[in-house]
Amino acid sequence: MGVCKRIVTIDGPSGGGKSTVSRMLAAQLHYTYLDTGAMYRAVAYQCRENGIDLGESGQLEALLAAIRIELLPPEAGEDDVRVLVDGRDVGRILRTPEMGMLASKVSALPLVRASLTRLQQQIGASGRIVAEGRDTGTVVFPDAAWKFFLDASPQVRAHRRAEQLRSKGEVVNEQQLLTQIIQRDKDDRERPIAPLKAASDALVIDSTGLPVEEVVRLMYEKILLSSCCR
């Protein structure tokens, strides 16, 4: 590993609890929380809204050059970060399973990955961030001081996501959600660019039977015991 950077990366498949864990860990460390997945969802949303043909590089380049993505802290009582696209708060729209599937397709496009990876690296240039996503430890921040890969069974992840959506008053077909999660796992793991996988130096945590507080404790203790960047 190169120069050690005071950055925590938390990668893993959809619905593994990365967002909640990352936000809690960032608060304990007094670090900034970076939700890279929200950025891909924001691009996916803008592509849909503008009828962008994902096979047309010119259209994509123009969109990526113009889009403004802002990530803000969650509102009181909410879990997800607020996402502003060109000044419009679209965070709630971005969290649907359908938008997640579209984000998975968009994230496989080289133009999109290159653009957002550069932006994420700029945000993390000064360190002291907790970045969560699919490739934060393998591609975006390969010299991060602490890397984790958070996993859980597809069934548990589908149930957690269903409960989260139901708490917001949405009607959820849990079996359909499970099917979507399994398909997204396949798409994310098999894409040729920055596929979903654990970094070779990441600590893999299976949260299937663990409460979120225990996952955060394991990560926090791992960071405290490390001599890197002290």
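Here are some exercises on this predicted model, each with a worked solution.

Two ground rules before you start. Residues are numbered from 1 along each chain as its sequence is written. In this predicted model, local features need pLDDT of at least 70, side-chain atom pairs count only at pLDDT 80 or more, totals for chains, interfaces and linings use all residues, and side-chain values use heavy atoms, with hydrogens and water left out.

**Exercise 1. The whole chain**

Task: Work out how many helices and strands the protein has, and how its radius of gyration compares with the globule rule.

Solution:
- Step 1. Count the elements: you should get 10 helices and eight strands. Both are DSSP runs, numbered from the N terminus: helices are H or I with at least four residues, strands are E with at least two.
- Step 2. Take the radius of gyration, which is calculated over C-alpha atoms, and set it against the globule rule, 2.2 Å times the number of residues to the power 0.38. The protein has 17 Å, close to the 17 Å that the rule gives for 230 residues, so it is as compact as a globular protein of that length.
- Step 3. Look at the span of the C-alpha trace: along the principal axes it is about 50 × 40 × 35 Å.
- Step 4. Check burial. Buried means under 20% relative accessible area, exposed over 50%, and partly exposed in between (1.4 Å probe, protein chains only). Of the 230 residues, 47% are buried.
- Step 5. Finish with contacts, meaning heavy atoms within 4.5 Å. Among contacts with a separation of 6 or more, 73% are between residues 24 or more positions apart.

**Exercise 2. Helix α1 against helix α10**

Task: Find the angle at which α1 and α10 cross, and say which kinds of residue make the contact.

Solution:
- Step 1. Find α1 at residues 18-29 and α10 at residues 212-225; their axes come within 10 Å and cross at roughly 45°. Axes are lines fitted to C-alpha atoms, for helices over the stretch in contact, and angles run from 0 to 180 degrees between N-to-C directions.
- Step 2. Name the arrangement. Under 35 degrees counts as roughly parallel, over 145 as roughly antiparallel, 65 to 115 as roughly perpendicular, and the rest as oblique. The crossing angle therefore makes α1 oblique to α10.
- Step 3. Get the hand: α1 passes α10 in a right-handed crossing. A crossing is left-handed if the near helix is turned anticlockwise from the far one by less than a right angle, and right-handed if clockwise.
- Step 4. List the partners. From α1 you have T20, V21, M24, L25, Q28 and L29; from α10, V212, E213, V215, V216, M219, Y220 and I223.
- Step 5. Sort them: 10 are nonpolar, two polar and one charged. Nonpolar covers Ala, Val, Leu, Ile, Met, Phe, Trp, Tyr, Cys and Pro; charged covers Asp, Glu, Lys and Arg; the others, Gly among them, count as polar.

**Exercise 3. Helix α5 against helix α9**

Task: Do the same for α5 and α9: what is the crossing angle, and how do the contact residues divide?

Solution:
- Step 1. The axes of α5 (residues 97-107) and α9 come within 10 Å and cross at roughly 10°.
- Step 2. That angle makes α5 roughly parallel to α9, and the crossing is left-handed.
- Step 3. P97, E98, G100, M101, A103 and S104 of α5 meet L177, Q180, Q183, R184, D187 and D188 of α9.
- Step 4. Sorting this contact gives four nonpolar, four polar and four charged residues.

**Exercise 4. D185 and S14**

Task: Is D185 buried or exposed, and which residues does it touch?

Solution:
- Step 1. Go to helix α9, residues 174-190, where D185 lies.
- Step 2. D185 has a relative accessible area of 8%, so it is buried.
- Step 3. Leaving out residues up to four places away in sequence, D185 touches P13, S14 and R157. The C-alpha atoms of D185 and P13 are 6.3 Å apart, although 172 residues separate them along the chain.
- Step 4. Now turn to S14, in the loop between β1 (5-11) and α1. S14 is buried too, at 16% relative accessibility. With the nearest four places in sequence again left out, its partners are R134, R157, I181, R184 and D185.

**Exercise 5. Positive phi**

Task: Where are D86 and R128 found?

Solution:
- Step 1. D86 is in the loop between β4 (82-85) and β5 (88-89). Its phi is positive, about 50°, although D86 is not a glycine.
- Step 2. R128 is in the loop between α6 (110-123) and β6 (129-133). R128 isn't a glycine either, yet its phi is about 55°.
- Step 3. D86 is partly exposed at 35% relative accessibility, and R128 is partly exposed at 40%.
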